[in-house]
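Student: Please take a close look with me at one part of this model. I would like to start from a single element and then follow it out into its surroundings.

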Amino acid sequence: MQENGENARLTAWVRGRVQGVGFRWWTRARALELGLQGWARNTADGRVEVVAEGPREACVKLLELLRGCDTPGRVDGVVERWSEPRGSLGGFVER
């Protein structure tokens with residue numbers, strides 16, 4: 001966590017062909033590179049839910065990567081929600 005950076009909690013729902021293609025693993029790798037904590041999990045409706053906490057700038061970068069063209073599978077859309085960090089997350093895991 002950065003000293004001067006504002007921390008945030010990002011929740012993102014990614015839709016498209018994102019299950020069974022290594023998307024959660026890829027998301028975890030990117031989040032760890034950015035120093036974020038949280039998790040990524042498949043949802044019953046075929047989306048992947050991503051929760052990440054850390055410096056807001058790093059969360060914004062993760063969101064840009066999720067919307068980018070280098071993801072595994074195919075991303076058709078990302079819906080985001082920002083909230084206050086809860087600080088209860090450790091590491092970044094695939095659920």
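Tutor: What follows starts from one helix and moves outward to the strands and a few side chains.

This is a predicted model, in which local features need pLDDT of at least 70 and side-chain atom pairs count only at pLDDT 80 or more, while totals for chains, interfaces and linings use all residues. Residues are numbered from 1 along each chain as its sequence is written, and side-chain values use heavy atoms, with hydrogens and water left out.

Let's begin with helix α1, which spans residues 23-33. Helices here are DSSP runs of H or I with at least four residues, strands are runs of E with at least two, and both are numbered from the N terminus. The buried residues of α1 are Phe23, Trp26, Thr27, Ala29, Arg30 and Ala31. Buried means under 20% relative accessible area, exposed means over 50%, and partly exposed covers what lies in between (1.4 Å probe, protein chains only). Those buried residues pack against β1, β2, β3, α2 (56-66), β4 and β5. After α1 comes Gly35, with a positive phi near 80°.

Two of the buried side chains deserve a closer look. Searching the whole structure turns up one aromatic pair. Its rings belong to Phe23 and Trp26, and the pair is tilted because the planes meet at 35°, with the centres 6.0 Å apart. For reference, rings of Phe, Tyr and Trp (its six-membered ring) pair if their centres lie within 6.5 Å; planes under 30 degrees apart are stacked, those over 60 are edge-to-face, and the rest are tilted. Phe23 and Trp26 are three residues apart in α1, about one turn of the helix. Phe23 has a relative accessible area of 1%, and Trp26 has 10%.

The same helix also carries Arg24. With a relative accessible area of 23%, Arg24 is partly exposed. UniProt, in an unreviewed entry, lists Arg24 and Asn42 under "active site". The two positions spread over 19 residues of sequence yet cluster in space, with a largest C-alpha distance of 8.0 Å. UniProt positions follow the numbering used here, feature names are shortened, and annotations may be inferred rather than shown by experiment. Not counting residues up to four places away in sequence, Arg24 touches Ala40, Arg41, Asn42, Val48, Glu94 and Arg95, where contact means heavy atoms within 4.5 Å.

Asn42 takes us into strand β2. At 31% relative accessibility, Asn42 is partly exposed. Beyond its neighbours within four places in sequence, Asn42 contacts Gln19, Arg24, Arg47, Val48 and Arg95.

Strand β2 (residues 37-42) runs antiparallel to β3 (residues 48-55), and six bridges join them. Two strands count as paired if DSSP finds at least two bridges between them. A hairpin links β2 and β3 with five residues between them, and Gly46 in that turn has a positive phi of about 95°. β2 also pairs with β5 (residues 92-94), this time in the parallel sense over three bridges. Gly38 ties these pairings together: it stands opposite Ala52 in β3, and its bridge partner in β5 is Phe92.

From β3, a side-chain contact leads on to β1. Arg9 lies in β1 (residues 7-17) and counts as buried at 7% relative accessibility. Its side chain makes a polar contact with that of Glu53 at 2.5 Å. A polar contact is a pair of N or O atoms within 3.5 Å; within protein, one must be able to donate a hydrogen and the other to accept it, and residues adjacent in sequence count only if both atoms are side-chain atoms. Beyond four places in sequence, the contacts of Arg9 include Val51, Ala52, Trp82 and Leu89.

Trp82 has a charged partner of its own: the charged end of Arg56 sits over its ring, 4.8 Å from the centre. A charge sits over a ring if NZ of Lys or CZ of Arg is within 6 Å of the ring centre and within 35 degrees of the ring normal.

To finish, step back to the annotated region. The unreviewed UniProt entry gives "domain: Acylphosphatase-like" for residues 9-95. Over residues 9-95, the chain is 25% helix and 41% strand, and the end C-alpha atoms are 18 Å apart.
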